[in-house]
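Thank you all for coming. I would like to walk you slowly through the strands of one protein chain, so please keep the picture open while I talk.

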Amino acid sequence: MKASKTVMMAGLFLAILLSGCNRNAADMVVKGSVTVNQEAETLTFSGVLTDEALDPDTPFRARFFLQGKTIKNALGTDLIYTDKELKSRKEGEAPKEYKVEKTVEIKKIEEIDKIISEIENEDKESVTIEIVNDNGRIDDKVLHDIKKE
């Protein structure tokens, strides 16, 4: 009886400890989307970020992580980096917003309807915008917003 009580208490402590963990505490991703241009056969990944949660002069970069099988195969990659490294505001300045985007050619355009469906599906995590720096991932957000040009 005493052993089961100890195990139960340890389990409760672990549950409380884990419930306090929030990997996305930075909340840097204000919004993000994927834009389909069927005529040009491209996908444009975009996001709006804020540096409010970062220390001044902190370098960071945005990337888009593709987890959906269809989109990875259609683009031929699972990771898309934006072109530039960013740096948070200077000491004493107000928080800033940054727009990031990257356009990628669709190698298998016949998969476009499946790609759109995969991204829009709220139960799947096909496209995630991640904010990273040399210390690792700072924030991320799964994207389900898709636009057509």
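Let me begin with strand β1, which covers residues 29-37 and pairs with β9 in the parallel sense, over three bridges. If you want a place to put your finger, take V36, which stands opposite K148 in β9. I should say at once that what you are looking at is a predicted model, so please hear everything that follows as a description of that model.

Now let us widen the view from that pair to the sheet it belongs to. Four strands form an open sheet here, in the order β6-β2-β1-β9, and the pairing within it is mixed. The edge strands are β6, residues 97-105, and β9, residues 146-148, each of which pairs on one side only. Neighbouring strands of this sheet are turned against each other by 20° on average, if we ignore direction. Helix α3, which is made up of residues 112-120, lies across β1, β2 (42-50) and β9, and the helix runs at about 145° to β9.

Let me turn next to strand β3, which has several partners. Which strand is joined to β3 by six bridges? That is β7, residues 127-133, and the two strands run antiparallel; along this pairing you can find A62 standing opposite I131 in β7. Strand β3 itself spans residues 59-66, and with β5, residues 86-87, it pairs in the antiparallel sense over two bridges, where F60 stands opposite L86. With strand β4, residues 79-81, β3 again pairs in the antiparallel sense, this time over three bridges, and there F65 stands opposite L79.

As a last stop, I would like us to look at a single residue, I129, which has its place in strand β7. Is I129 buried or exposed? Its relative accessible area is 0%, and because anything under 20% counts as buried, I129 is buried. Leaving aside its neighbours within four places in sequence, I129 is in contact with a list of residues that includes V29, G47, L49, R63, F64 and V100, and also D139, D140, K141 and L143. It is worth pausing on A62 once more, since I129 and A62 are 67 residues apart in sequence, and yet 6.9 Å apart in space, C-alpha to C-alpha.

One general point may help when you trace these strands yourselves: in a regular strand, the side chains alternate between the two faces of the sheet.

Conventions: Residues are numbered from 1 along each chain as its sequence is written. This is a predicted model: local features need pLDDT of at least 70, side-chain atom pairs count only at pLDDT 80 or more; totals for chains, interfaces and linings use all residues. Side-chain values use heavy atoms; hydrogens and water are left out. Two strands pair if DSSP finds at least two bridges between them. Axes are lines fitted to C-alpha atoms, for helices over the stretch in contact, and angles run from 0 to 180 degrees between N-to-C directions. Contact means heavy atoms within 4.5 Å. Buried means under 20% relative accessible area, exposed over 50%, partly exposed in between (1.4 Å probe, protein chains only).
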